[in-house]
Amino acid sequence: MSNSEYLIELENITKSYALAGKERLEILHNISGRFPRNAWSILLGASGSGKTTMLNLIGALETPDSGTIRFDGVDYKDLMQSAGAAAAFRNRRIGFIFQNYQLLPEFTILENVLIPARLAGMPLKAARNRAMELLSELGLADRIHHRGSELSGGEQQRAAVARSLINDPELILADEPTGNLDTRTGEKLLNLFGKLAADHTIIMITHNEALTAHADQVLYLADGCLSQQKDM
């Protein structure tokens, strides 16, 4: 493990996408930033500013056109030398919480939560015990055999949180996790994130500037450039 206080470091990252013909649309321009370990960082920015692209790069779902991303001091290129290595890295060390939950509809909530653990090779009994512990903590013990379509939006989001935590990842990436929740459920989820930040690194995208009061660090993305509004 690196001795750096930062779990994630971005250096001169540029990302663009191909348009018709030979044109390209640049989304991120030469950005650099650092995300402290065991802290909660919030990323703000208007729609289309590149927040989700940046989260996908940090989550190793996409690769930059140029620049360097380091996880715990190690270059992503060294961590992900093959598709299999990249998938294993994401599954074991990163937890994803998507705005639209991405629960598999044919599986129960318990089965959905078990998937990352089983892919990581965790024995079924241990994985089931861990899943039940998380679902109980999140108030879903009586819903484990329901499918996503049978749960409210808040319940689906809590199930997605449980799934993201089952492998005890160092990094949690959350894309607008409270966007579809009512105020009460959103507050409960924010309280949970506050507890998780004690021993996890959290990077959250949101449009809601009121949430920045909870964060250790606040960054703003605009016109492809990253600036810092609040530091630890």
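The legends below accompany close-up views of a predicted model.

**View 1. Helix H7 has the length its residue count suggests.** Helix H7 runs over residues 183–196, 14 residues in total. At 1.5 Å a residue, H7 should span 20 Å, and the end C-alpha atoms are indeed 20 Å apart, so the two values agree.

**View 2. Helix H7 has a buried side and another side with exposed residues.** Look here for the buried residues of H7, which are Thr 185, Gly 186, Leu 189, Leu 190, Leu 192, Phe 193 and Leu 196. These residues cover an arc of only 160° around the axis, which means that they sit on the same side of H7. Turn to the other side of H7 and you will find Thr 183, Arg 184, Lys 188 and Lys 195, which are exposed.

**View 3. Strands and helices cover the buried residues of H7.** Among the elements that cover the buried residues of H7 are strand S3 (40–44), S6, strand S7 (171–175) and strand S8 (201–205). Helix H5 (124–137) and helix H6 (153–165) are also part of that cover.

**View 4. Thr 108 is a buried loop residue.** The loop that holds Thr 108 lies between strand S6 (94–97) and helix H4 (109–119). Because its relative accessibility is 10%, and buried means under 20%, Thr 108 counts as buried. Leaving aside neighbours within four places in sequence, the contacts of Thr 108 are Ile 144, His 145, His 146 and Arg 147.

**View 5. Four strands make up an open antiparallel sheet.** Follow the strands in the order S2-S1-S4-S5, with antiparallel pairing. Strand S2 (24–36) and strand S5 (74–75) are the edge strands, and each pairs on one side only. Towards one edge, strand S4 (residues 66–71) and S5 pair in the antiparallel sense over two bridges. For a handy landmark, pick out Phe 71, whose bridge partner in S5 is Val 74.

**View 6. The largest pocket is lined by 18 residues.** This pocket has a volume of about 440 Å³. Nearest its centre lie Asn 91, Phe 96, Phe 98, Pro 116 and Arg 163. Helix H3 (83–93), S6, H4 and H6 each supply at least two residues of the lining. The largest share of the lining, four residues, comes from H4. Two of these elements also appear in earlier views: S6 and H6 are among those covering the buried residues of H7.

How values were computed
Residues are numbered from 1 along each chain as its sequence is written. This is a predicted model: local features need pLDDT of at least 70, side-chain atom pairs count only at pLDDT 80 or more; totals for chains, interfaces and linings use all residues. Side-chain values use heavy atoms; hydrogens and water are left out. Buried means under 20% relative accessible area, exposed over 50%, partly exposed in between (1.4 Å probe, protein chains only). Contact means heavy atoms within 4.5 Å. The expected span of a helix is 1.5 Å times one less than its number of residues. The arc is that of the directions from the helix axis to the C-beta atoms. Two strands pair if DSSP finds at least two bridges between them. On a 1 Å grid over the protein atoms alone, a cavity is a set of points where a 1.4 Å probe fits but cannot get out, and a pocket is an open set with protein on both sides within 12 Å along at least five of seven lines; lining residues have an atom within 4 Å of a point. Grid points are joined across faces, edges and corners, and a volume is the space filled by probe spheres set on the points.
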